[in-house]
Structures are given as C-alpha cells and as structure tokens.
Amino acid sequence: MKQRFYSLDLIRILAATLVIIVHTKGVFFDKQLNPEIFAFFWVIGTIGVPLFVILTGYLMLPRNFNEDDYLSRYLHRNFLPLFISFECWNLLWFLFDKIPFLTLYKNPMGIKWSTTVKAALFIGDTNSALWYLPMTIALYLGIPIVSYVLKEISNKAYITVLSITLIISGTIIPTTALIAQVFGYYPHIHSVLKMNIFGASVWGESVWMIYVIAGYIIYKGKLRNLGTWKLLFFGIFIPLLPFYFIQLRNIYGLGPDIHSYDLIFVVIPSISLFEILNRIEPFFEKASLSFKKCLTYVGQASFTIYMLHIFVGGALIHIIRIIKPLQGFLDMVGYLRGWNIIIYFIFIIGIIIISCLIESILSKNKMLKRWLLLKK
C-alpha cells in the first residue's frame, strides 16, 4: 500500500482555494471600495495554478518511463482519463454557462458553441478556466521525454546553459517588460525563444516548463539546504511585496493590467511555498486520524472543486440574491471592514463543501468517478 503524503493533499486544497479566490474576489470586493484587499487576493490567488503544475512535476517526473509496459499503463491510467475528462468538462462548461442561476458574474462568461468545438479539437482557446486542462494534457504527453532528459543527461555545461536560457526566457524577460511598463516605458520586448516544449501558450509560455521541472527539483531535495525562514522572507514575502504594490497601482489606474504566471514575483513565491509545505509532512504524524481523513477527502476532490467552483459559487450567490435580507447584507459587505473577509471565507468554504458533496454523489458511478472526476 502506497504511503499517503498529507502535505501534498494540503497543497492540492490550497491550490484549489487560491484558484477560487482568483475567480470570486470581484464578487465580494469592489476595486474602488476595497482596493487593498482586492489587490491582496489578486496577488495570492495567482499562486494557485503554479502550485498545481509544480505538483504535476513532483509526482510525475520521478517515474520510470523507460519500460514500454509502464509507458502503456501511463497512457491508459493517466493520459487517457485526462483527455476524456477535458472533453466532457468542455461540453459541461458550455451547458452550465447557459443556466442563469449558475452564473457567478453579473455579465455571463458567454462561452460560444464555436469556442467549445474549437477547444475540443485543440484548435482554439477555451476562453474559460478550462485552459488549464489542455496545458496539462500537453504536459502529460511531454513528461516521459522531460523525465528521460533530466535523468539521462549529466553534462553540467549543457544543463547550466539550458537552465539559464529557460529562466531568462521564461521569467526574466517578461518581468523586465513589466517593470519597464511600471516606470512608463513600453519597449514591447518579449522572449523570442520558446522554451516551453510541452504546455500552454496562455498566461505565460516557457514558464510552465520552469514550474514542472521545479517540482522534480523539490522531489530530489535540491532545495532542502535553504532555511524555512529564509524561504518565507526572501522567497515569498520579498517577491510578493512589489507585486502587491504593482497590482495596487493598476487598481488606481497608475500601471499596467497584469494577469500572467511568468513574472518572477509569481515564480519564486510559488516554488518557495511548495517547498515549505512539502516540509511539514512530519507534523501530520501527530495529527488525529479524522483530520487526516478529512484532508485526504478534500485533497482527492480538488480536481472537482476546480471544475465546479465557478458554478457552485454562482448558485450560492443566486440563492443569496433571491433572499432579500441576505441580498441587503451582501450589498453592505463592501463597507464592513474585517467582516467582509470573514464572510468571504465562509463563502469559499461553502463552495468547497458543496463541490465535495457533489463529487461524493457522482463518485458512486464508477464511470463518472474514473473518466470525469479522475479518481482511480
């Protein structure tokens, strides 16, 4: 029986929660009324997807893909379910988007039928949060190759040149372009070298290879010599601080609009946070069995939470709006300093709980459990 690593479940839950924050912060916090809070949630929420990608590298790259039998099992057990799941969710998102009481935003996302068809054939963007799945599908196809390269090539000079080139093209150049814009210069520079062998071309390109390889580096223990407090301060606090003020400037109309995962202000905190969370596994030895079961249950449901959070959140908001006292209370949330944050986290917890309940119901069907929810 495989050992359960509860720290990885915690990472899954945190990543899903941060993704929820990215997509729901605007429902509870107005930019003009709560600019500081809005910018804060904007910044921390950006780390959610990178955590998922780092986790993919952590779990998948160490595997032995040299054997034909294992590679065949990998295609059947990992790649094929992911592919089928995407096709199903791609259609479901189109259908859910047409149901008024599932709409989270005042202006519907408006997913068109043509967009859904093109996304299903991988010839067009999803125009939704589902963009993460095509990127993951590409990563899953490339992971055996990347894994082989990481294990078989030992020439230090080549590895050094490849690493430097990947870092410069994947995050240094995009960050330099952003900083220039912050100071009023628009040099229109971008990385010509596309180092993203497998992954997505949205919200950052070469950076996805940085994240997936970072997962492997963490798995191999290459960052263990870095002190936890140093990682917290220099790896998380210091990079996020300027990112926060850049986002705050944007809210006040003084800077560029940013939504990308290739900024060094996102890359370093994401990797640092994953490393720190990965270190707390020994603490779970003293945790109660019920707590660990709960952690495992929610962690295993993280994919479903990701898929359903916008529509579950929309249903909750719809229920609040049709109950006049609750609607009046929600209208005042923006003015309730402190309480609005508490109410917002209750809302997030509600999304997680309801998504888990839906998953527990759907999991009773083996086909849905395997091919829709990706549970083995």
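Buried means under 20% relative accessible area, exposed over 50%, and partly exposed in between, with a 1.4 Å probe and protein chains only. The model is predicted, so local features need pLDDT of at least 70, side-chain atom pairs count only at pLDDT 80 or more, and totals for chains, interfaces and linings use all residues. Residues are numbered from 1 along each chain as its sequence is written, and side-chain values use heavy atoms, with hydrogens and water left out.

**Exercise 1.** Determine how many disulfides the model contains, and classify Cys294 and Cys356 as buried, partly exposed or exposed.

*Solution.*
Step 1. A disulfide is a covalent bond between the sulfur atoms of two cysteines. The criterion applied here is a pair of cysteine sulfur atoms within 2.5 Å.
Step 2. For Cys294, the closest cysteine sulfur belongs to Cys356, at 8.1 Å, which is too far for a bond. Cys356 in turn has its closest cysteine sulfur in Cys294.
Step 3. The count is therefore 0 disulfides by the 2.5 Å rule.
Step 4. Cys356 is buried because its relative accessibility is 5%, whereas Cys294, at 46%, is partly exposed.

**Exercise 2.** Locate Asn127 and Leu374, and state what is notable about the phi of each.

*Solution.*
Step 1. Helices are DSSP runs of H or I with at least four residues, strands are runs of E with at least two, and both are numbered from the N terminus.
Step 2. Asn127 lies in the loop between helix H5 (113-120) and helix H6 (132-152). Leu374 lies in the segment after helix H15 (366-371).
Step 3. Although Asn127 is not a glycine, its phi is positive, at about 55 degrees. Leu374, also a residue other than glycine, has a positive phi near 60 degrees.
Step 4. Asn127 is exposed, at 55% relative accessibility, and Leu374 is partly exposed, at 28%.

**Exercise 3.** Describe the lining of the largest pocket by helix and by residue class.

*Solution.*
Step 1. A pocket is an open set of points on a 1 Å grid over the protein atoms alone where a 1.4 Å probe fits, with protein on both sides within 12 Å along at least five of seven lines; lining residues have an atom within 4 Å of a point.
Step 2. The largest pocket holds about 1700 Å³ of space, a volume being the space filled by probe spheres set on the points. Its lining has 40 residues, and the closest to the centre are Arg4, Arg12, Leu59, Arg63 and Lys376.
Step 3. H4 gives the largest share of the lining, 7 residues.
Step 4. The lining divides into 22 nonpolar residues (Ala, Val, Leu, Ile, Met, Phe, Trp, Tyr, Cys and Pro), 11 charged (Asp, Glu, Lys and Arg) and 7 polar (the others, Gly among them).
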